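Please look over the sequence and the model that follow, and keep both in view while you read. The report below goes from single residues to a helix and then to the interior of the protein.

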Amino acid sequence: MLAIFKKGLVKPPQELNSPASLASSRKPKLPQDILKDFESSNPSNNFSISFGDVASLAYISPQNPYSIHQRLFCGLNDIYCIFLGSLNNLCSLNRQYGLSKGTNEAMFVIEAYRTLRDRGPYPAHQVLKDLEGTFGFVVYDTKAGHVFAALGANEGVGLFWGIAGDGSVVISDNLEVIKGSCAKSFAPFPSGCMFHSEQGLMSFEHPMSKMKAMPRIDSEGAMCGANFKVDNQSRISSMPRVGSEANWALWGSQA
């Protein structure tokens, strides 16, 4: 899968952007070239959708649709989701949220996100901790202009993120796509964490601890985009609130 978000829509940690990319023999690509290369890698089995020059989402359908490592795409009420993996407790989650039995994981994530956005009865970190199974997803709310991404703690699937040539943020489950698109400015997306375009990166496993950037050097001795780890020595005093028209609390209230 591939997600690209224009600089300004998403504000990634500054440590993800490596100055070594400017000196690298392989320069970061522009978003339109990244999407074109991704589509050409599997021209008969890909799907993509672009939202002007602000965002693009693309994915390649899995060869085995019954694999436990699903790759799903869904759009509902101006909210779009690419989901990787599977949830073991999907049936009980659907009942909890009043959804039909046929609701798949991508549909559920959209409904859970919309519930957080519009009513916020639970803090977002608690909603994610209730998900049992292997998962990684990217949500793009076109109406609110928000991006929400998360990766499960069990590392059953992987996500990577990086910075394109124009400063756009690129997210993919394919490491080679990220390497080829972002030069040295990339890193694994940290497991057990979530990212929101307004509030940044945090751990949903340890929501009261700050995240710490860890310098990363590649085999050529060049500084790459940083890894991010939970800083167990630091604490935040309260859970940040996300501002919007409805002033909903995506990130939760004080723990």
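A residue is called buried when its relative accessible area is under 20%, and exposed when that value is over 50%. The structure shown here is a predicted model, and its mean pLDDT is 89, with 90% of the residues reaching 70 or more. Over residues 240-255, however, the pLDDT is below 50, although this stretch has 49 contacts in the model beyond its near neighbours in sequence.

**Single residues**

H196 belongs to strand β11, which covers residues 193-196. Because its relative accessible area is 0%, which lies under the cut-off of 20%, H196 counts as buried. Its side chain reaches the backbone nitrogen of E198 at 3.0 Å.

Two residues that are not glycines have a positive phi, and the table lists them with the loops in which they are found.

| Residue | Phi | Place |
|---|---|---|
| N77 | about 50° | loop between β4 (70-76) and β5 (79-87) |
| A183 | near 55° | loop between α6 and β10 (186-188) |

A183 lies in a loop, yet with a relative accessibility of 4% this residue is buried.

**Helix α2**

Which residues of helix α2 are buried? In this helix, which spans residues 31-40, they are P31, I34, L35 and F38. Seen down the axis of α2, these buried residues fall within an arc of 95°, and therefore they line one face of the helix. An α-helix has 3.6 residues a turn, so residues three or four places apart point the same way. On the other side of α2, Q32 and K36 are exposed. The buried residues of α2 pack against the strands β1 (2-5), β2 (46-51), β3 (55-60) and β9 (169-172), and also against helix α6 (175-182).

**The nonpolar interior**

In soluble globular proteins, nonpolar side chains tend to be buried together. In this model the largest nonpolar core has 31 residues, and within it F5 and F189 touch the most other members. A second core, separate from that one, has 28 residues, including C81, A106, L128 and L131. If residues up to four places away in sequence are not counted, F5 touches V10, V54, A55, L57, V138, Y140, V147, S168, V169 and I171.

Conventions:
Residues are numbered from 1 along each chain as its sequence is written. This is a predicted model: local features need pLDDT of at least 70, side-chain atom pairs count only at pLDDT 80 or more; totals for chains, interfaces and linings use all residues. Side-chain values use heavy atoms; hydrogens and water are left out. A nonpolar core is a set of buried Ala, Val, Leu, Ile, Met, Phe, Trp, Tyr and Cys residues joined through side-chain atoms within 4.5 Å. Buried means under 20% relative accessible area, exposed over 50%, partly exposed in between (1.4 Å probe, protein chains only). Contact means heavy atoms within 4.5 Å. pLDDT is the predictor's confidence in each residue, from 0 to 100. Helices (H or I, at least four residues) and strands (E, at least two) are DSSP runs, numbered from the N terminus. A polar contact is a pair of N or O atoms within 3.5 Å; within protein, one must be able to donate a hydrogen and the other to accept it, and residues adjacent in sequence count only if both atoms are side-chain atoms. The arc is that of the directions from the helix axis to the C-beta atoms.
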